[in-house]
Amino acid sequence: MTDRATAPFSIATDGIDPALVPQRVLASGARMPAIGLGTFGSDRVTPAEIAAAVRGAAEVGYRHFDCAAVYGNEADIGRALADVMARGIPREALWVTSKLWNDRHAPADVAPALERSLRDLRLDYLDLYLVHWPFPNHHAAGVTVDSRDAHAKPYIHEGFMATWAELEKLVDRGLVRHVGTSNMTIPKLELVLRDARIRPAVNEMELHPHFQQPELFDFVRTNGIEPVGFSPIGSPARPERDRTPDDSVDVEDPVIVRIAQRLGVHPAVVCVKWAVQRGQTPIPFSTKRANYLANLLGAVGEPLTEAEMEAIAGIDQNCRLVKGQVFAWKAGQRWEDLWDLDGTITPP
Ligand SMILES: NC(=O)c1ccc[n+]([C@@H]2O[C@H](COP(=O)([O-])OP(=O)(O)OC[C@H]3O[C@@H](n4cnc5c(N)ncnc54)[C@H](OP(=O)(O)O)[C@@H]3O)[C@@H](O)[C@H]2O)c1
């Protein structure tokens with residue numbers, strides 16, 4: 001009997017041929033699958049379950065995986081990726097992203113952090129390495145939103161560019177194919193674009209029907225930066241500590257529910273379809289085969305109608321879910337201060 005983990009790789013009979021999955025062409029000319037699997041289990045889903053989802057997702061046709069050192073599961077995911085490659089998926093067919101955590105921004109820490117991610121993921125290069133947050137402020141996994149790093153700092157552009165220069169060297173060394181940003185704002189990106197030797201290929205940003213960020217979305221696309229959308233379903237299972245009373249629920253929105261009923265799918269799939277069709281690359285998280293398969297099918301299946309796309313454009317609530325409170329750098333700050341809402345970088 002052949003063990004499932006060592007059997008030669010073939011796409012599951014109900015899976016999707018990866019060649020059918022829409023691709024984004026980056027400024028470099030590289031092609032990135034326009035849907036990826038998220039891998040942040042928070043404190044709810046174990047690394048082993050996520051690694052199993054990575055294997056299963058590869059079997060149904062996913063080739064894009066959104067990882068991060070801080071998710072604490074790259075070693076498990078690395079074993080899963082090694083399995084799928086041993087069974088015949090070539091490395092070049094995969095798109096693997098990882099992220100530099102906030103306590104590794106010091107220039108001397110960047111290469112060791114990347115090398116650790118590569119070792120854990122069992123890869124000799126990454127397709128994309130992101131600076132996870134523009135703030136060099138650490139917080140431990142699972143802390144409450146009112147905890148603060150005693151040495152917390154604001155965004156200091158010179159500091160960020162010193163970190164960025166180290167990412168650029170990783171590209172020079174062939175360890176990273178593309179570099180990118182995450183959780184950025186327009187004024188911060190303007191400075192990065194002014195000063196970077198290698199421009200960000202991607203900006204990973206929160207994007208779902210109730211948080212469409214139209215200005216930032218347009219800004220990055222106009223500047224040849226691909227938007228990758230995190231929490232594309234509105235992160236319905238995020239921990240209680242990450243919820244506030246004003247948060248709205250995308251998958252309960254009547255517009256989304258009505259379209260889901262027409263298509264006979266879960267509202268989550270409508271969020272994914274909208275994202276792919278709008279032009280961002282969603283990275284939905286799921287460890288349930290039926291759900292991650294439904295999301296991939298959604299990305300390749302019947303498009304939403306123009307009227308449906310317009311209806312979803314009209315339900316934006318400007319409802320940011322990942323507020324980043326823990327990164328505030330001084331007492332009494334509001335989470336809004338992290339996001340440069342008046343178009344200028346919040347002063348120290
Ligand atoms: N750059 C950053 O700072 C940042 C921040 C947050 C997240 N991310 C990335 O973005 C990824 C996704 O975001 P997220 O995990 O916050 O939330 P999300 O993808 O919006 O939502 C995930 C939730 O939706 C459910 N779900 C997924 N597909 C479904 C379907 N077809 N039907 C019903 N339910 C479905 C999942 O439940 P089941 O597991 O039960 O299916 C899971 O609870 C993360 O995993 C991470 O990789 C990045």
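A residue counts as near a molecule if one of its heavy atoms lies within 4 Å of that molecule. In this predicted model, 31 residues surround the ligand. The closest are Asp66, Ser235, Ser286, Lys288 and Asn291. By type, the shell divides into 13 nonpolar, 13 polar and five charged residues.

Several polar side chains approach the ligand. A polar atom in the side chain of Ser182 lies 3.0 Å from a ligand nitrogen. The side chain of Glu204 also places an N or O atom 3.0 Å from a nitrogen atom of the ligand. For Ser235, the partner is an oxygen atom of the ligand, and the distance is 2.7 Å. On its own, the ligand has 900 Å² of accessible area, and the protein covers 92% of it. Two elements, α8 (267-278) and α9 (289-300), give two or more residues to the shell.

Ser235 deserves a second look. This residue is found in the loop between β9 and α7. Its relative accessibility is 25%, so Ser235 counts as partly exposed, because the partly exposed class runs between 20% and 50%. The backbone of Ser235 has a positive phi of about 45 degrees, although the residue is not a glycine. Most residues other than glycine have a negative phi. Asn318 is another non-glycine residue with a positive phi, here of about 50 degrees. Asn318 sits in the segment after α10. With 60% relative accessibility, Asn318 counts as exposed, because the cut-off for that class is over 50%.

The loop that holds Ser235 also contains Arg238, between β9 (226-230) and α7 (254-263). Is Arg238 buried or exposed? Its relative accessibility is 11%, so Arg238 counts as buried; the class requires a value under 20%. The side chain of Arg238 makes a polar contact with the side chain of Asp247, at 2.8 Å.

Thr39 is buried too, with a relative accessible area of 1%. Thr39 lies in the loop between β3 (37-38) and α1 (47-60). A polar atom of the Thr39 side chain is 2.7 Å from the backbone oxygen of Asp66. Asp66 is itself one of the residues closest to the ligand.

Aromatic rings were examined next. A pair of aromatic rings is described by the distance of the centres and the angle of the planes. The structure holds eight aromatic pairs. One of them joins Trp133 and Phe327, with 4.5 Å from centre to centre and 45 degrees between the planes. This pair is tilted, because its angle falls between the limits of 30 degrees for stacked and 60 for edge-to-face. What does the pair tie together? Trp133 lies in the loop between β6 (126-131) and α4 (157-172), and Phe327 in the segment after α10 (306-313), so the pair links parts that are 194 residues apart in sequence. Both Trp133 and Phe327 are buried. Ring pairs also bring these two residues into a cluster with Trp101 and Trp339.

Two arginines lie over aromatic rings. The charged end of Arg177 sits over the ring of Tyr125, 3.7 Å from the ring centre. Arg278 lies over the face of Phe217, and here the distance to the ring centre is 3.8 Å.

Technical notes:
Residues numbered from 1 in each chain as written. Predicted model: local features only at pLDDT ≥ 70, side-chain atom pairs only at ≥ 80, totals over all residues. Heavy atoms only, no water. Phe/Tyr/Trp six-rings, centres within 6.5 Å; stacked < 30°, edge-to-face > 60°. Helix = DSSP H or I, 4+ residues; strand = E, 2+ residues; numbered from the N terminus. Buried < 20%, exposed > 50% of the residue type's maximum accessible area, 1.4 Å probe, protein only. Lys NZ or Arg CZ within 6 Å of the ring centre and 35° of its normal. Polar contact = N/O pair within 3.5 Å; in protein donor to acceptor, adjacent residues only side chain to side chain. Areas by Shrake-Rupley, 256 points an atom, 1.4 Å probe, with all protein chains shown as cover. Nonpolar A, V, L, I, M, F, W, Y, C, P; charged D, E, K, R; others polar.
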